[in-house]
Amino acid sequence: ELIQLSNNDEEKLGVSEILSSTRVKISRILEKVATNLADLGLGRFRILSGTYYSLREITKPDKKSWVEFKGYKIYVDPTEFVGRRVYRGSFHEDELVDKIRQEVEKGDRVVDIGAHIGSTALIFRKAVSEEGKVFCFEPNPESFEMLQSTIKKNDFDNFELFNQALGDSNGKVNLKHDSENTGRSSIKEAKKVNETFNVDLVEAKSKLEGLGELDWVKIDVEGAEYEIISNLGDGITSFKGIFLELHLDRLSDNELKQIYEILTTNGEIYTFNEFSAKEIMECPRDNLGVVWKNNTGEDIKSKENL
């Protein structure tokens, strides 16, 4: 009887996985259909857009799920912004992915500050392969648990995970949590807060120095960029480069100016769009993705304006 019950449980689990996988496939097909309709200018017709949104709601799960992402498994919450995009196969940071593929090499050692659920960390893992290493910092306890699950599921042994926020001092700090977009969790002021977590704050420079030689750093910390960059100072010259998301709506003009001075004194900045980094710094628009490159390294690739 015990063996039979075990088999039934396995059958139920198998059916559940098949249904979940089917939902993901349907949802991703719908996302492609919607994109094609928009490209053709047909999204304005209510009968088409209405049908699409109705079908999308039917296929949207109301709980956390495993999905395929860039060749790996990732644990996502489809009810919040980032998880919903990954679930539907429409990742929102494709420009960053392209830059990582261009620059990061097999065997590199990378730090992901603001790793969230691990979507970018998986891109880094693909780039550095088994020979490299990825260090992830994520202060949000809920996102960190999902990140842990993803790394364990993929059976990676070249990751180190830290449930900490990095900044310019050591101590405790309140992290504002937005359940509709957990990637917007921040130790700075937030537009929407559902919950607040008291998390560990660790001084960035000493923590990163303790990790040994590092090649690349990604910083996406929802407005706390100044505290990290200013703390690192000219110590950033020990890196090949930095993938940096500047949250202009959360940075003061003075903070932005000092970030610009530190980066340009020690290397060169390249934006992800048609504006020069200097134009953006002087006249802030929306959030800005940049790549900073160390101009003293002999093995840095050609510095074309990104």
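I take helices and strands as DSSP runs numbered from the N terminus, a helix having at least four residues and a strand at least two. The model I consulted is predicted.

**Entry 1: Glu 222**

I looked up Glu 222 and placed it in the loop between β9, residues 216-219, and α8. I noted a phi near 50° for Glu 222, a positive value in a residue other than glycine. For context, I recorded that most residues other than glycine have a negative phi. I then asked whether Glu 222 is buried or exposed. Its relative accessible area is 6%, and because buried means under 20%, I entered Glu 222 as buried.

**Entry 2: His 116**

I turned next to His 116, where phi is near 55°; this value too is positive, and the residue is not glycine. I located His 116 in the loop that runs between β3 (109-113) and α5 (119-128). The relative accessible area of His 116 is 8%, so I entered this residue as buried as well.

**Entry 3: α8 and α9**

I followed the chain to helix α8, residues 225-232, and examined how it meets helix α9, residues 253-266. I found that their axes come within 10 Å and cross at roughly 35°. I recorded the crossing of α8 and α9 as left-handed.

Which residues make the contact? On α8 I listed Glu 225, Tyr 226, Glu 227, Ile 229 and Ser 230. On α9 I listed Glu 255, Gln 258, Ile 259, Ile 262 and Leu 263. I sorted the residues of this contact into five nonpolar, two polar and three charged.

Definitions and conventions. Residues numbered from 1 in each chain as written. Predicted model: local features only at pLDDT ≥ 70, side-chain atom pairs only at ≥ 80, totals over all residues. Heavy atoms only, no water. Axes fitted to C-alpha atoms, helices over the stretch in contact; angles between N-to-C directions. Left-handed = near helix turned anticlockwise from the far one by under 90°. Contact = heavy atoms within 4.5 Å. Nonpolar A, V, L, I, M, F, W, Y, C, P; charged D, E, K, R; others polar. Buried < 20%, exposed > 50% of the residue type's maximum accessible area, 1.4 Å probe, protein only.
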